[in-house]
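Welcome! This short report is a guided look at the hollow spaces in one protein model. Please take a moment with the structure first.

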Amino acid sequence: MSFCLDCCFRTARWFPVVFIVAVICWSYYAYVVELLVKTIPAENISEKVILGVLYHPVLFMFLWAYYKIVYTEPKPPPRQFYLTPEQQRALEEAERNSDRERGVQLLEKYIESLPVITRTHNQGVRYCHICQCIKPDRAHHCSVCRMCVLKMDHHCPWVNNCVSFINYKFFILFLLYAEIYCLFVAFTDIKYFIQMWTSISDVGPSMNFHILFLFIVAIMFSLSVLGLLGYHIYLVFRNQSTLESFRPPIFMNSGPDKHGYNLGRDNNWREVFGDNSNTWFLPVRSCKGDGVTFPTRFNLVSNHGYSSMENGQSMSTQEW
């Protein structure tokens, strides 16, 4: 029974993605067939060609970014953060005996060799009882993905995926190209939308329906995506995740600090998009670091920034 429910739950999670894909497919038909082929007069062949040539690259970048955010799986903590069977038994024994002090001591011992600088609200070790692992800095447990996720931002139902360290750039580019796509469709369709609305255009009912709703849907999605895109660009420049914007990270020595990871706008941007400006707007991985350790505004002043983080202070990718 539980297996059937789990299958139903996993299937239902794809409904928003199917909806988005269906809207994109319909918009392609409405724009290319109904607008470019049927609605724009045949004598305006140059307009048809120009719009068609501009439309398809925008659509391609939109689909590429959407594919990357949907199918790039979030990264769990490296294996060093997971308790060994012996450590799990020792911790469970302390919990069974209600020996909270012993449990705290064990967790403190377990993190001695781990690069962890954030704590819980009571300065305890950030431990996930479900995954039985020490949470790396900025990592959180996702109840939908059923795993701890490195630098988790949020779980987005529209992409059926956790937006996190490994795919945050793809999510922002998805929003960016979705906004560009909607604005392009709306502004190139508006002339024929107005003609239809004022009954000047001599088009059939079926074509009128597509032209009408193409503009309305494009404007509707554009407004909704614009707010989300602006919010996440704001978070990038502040080096915050959505979770951190509501609950600031708590550092081991200094306590809560919502600006703890703020390295300045340029460094914050490069942490997500990388140093190579040629790849900033391409849905390819270019983020800095490994998702386990992050420079803070404290150690950046002490010249312990990305170079030191990438040359030994962070977990090697071979240790996943």
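## The second largest pocket

A good place to begin is the second largest pocket, with a volume of about 480 Å³. Keep in mind as you look around that this is a predicted model. The lining of this pocket is made up of 26 residues, and those that lie nearest its centre are Ile20, Phe174, Ala178, Phe221 and Val225. Four elements give two or more residues each to this lining: helix H2 (15–39), strand E6 (154–156), H6 and helix H7 (205–238).

Which of these elements gives the most to the lining of the second largest pocket? That is H7, with eight residues. As for the character of the lining, the second largest pocket has 21 nonpolar and five polar residues, and no charged residues.

## The largest pocket

Next, turn to the largest pocket, which has a volume of about 840 Å³. Its lining draws on helix H4 (85–96), helix H5 (100–110), strand E1 (118–119), strand E4 (140–142) and helix H8 (242–246), each with two or more residues. H5 gives the most here, with five residues.

In total, 31 residues line the largest pocket. If you would like to find its centre, look for Thr120, His121, Val125, Arg126 and Tyr127, which lie nearest to that point. What classes of residue does the lining of the largest pocket have? There are ten nonpolar, eleven polar and ten charged residues.

## The cavities

Besides pockets, the model has cavities: three of them reach 30 Å³ or more. The largest cavity has a volume of about 70 Å³.

You can trace the lining of the largest cavity along the chain. It includes Lys151, Phe165 and Ile166, followed by Tyr168, Lys169 and Phe170. Further on come Glu271 and Val272, and then Arg285, Ser286 and Cys287. Two helices, H6 (168–197) and H9 (265–273), each supply at least two residues of this lining. Of the elements, H6 gives the most, with three residues. Sorted by class, the lining of the largest cavity has six nonpolar residues, four charged residues and one polar residue.

## Linking the spaces

One element is worth finding again in the model. H6 gives the most to the lining of the largest cavity, and H6 is also among the elements that give two or more residues to the lining of the second largest pocket.

The classes are worth a second look too. The lining of the second largest pocket has no charged residues, whereas the lining of the largest pocket has ten and that of the largest cavity has four.

Conventions
Residues are numbered from 1 along each chain as its sequence is written. This is a predicted model: local features need pLDDT of at least 70, side-chain atom pairs count only at pLDDT 80 or more; totals for chains, interfaces and linings use all residues. Side-chain values use heavy atoms; hydrogens and water are left out. On a 1 Å grid over the protein atoms alone, a cavity is a set of points where a 1.4 Å probe fits but cannot get out, and a pocket is an open set with protein on both sides within 12 Å along at least five of seven lines; lining residues have an atom within 4 Å of a point. Grid points are joined across faces, edges and corners, and a volume is the space filled by probe spheres set on the points. Ala, Val, Leu, Ile, Met, Phe, Trp, Tyr, Cys and Pro count as nonpolar, Asp, Glu, Lys and Arg as charged, and the others, Gly among them, as polar.
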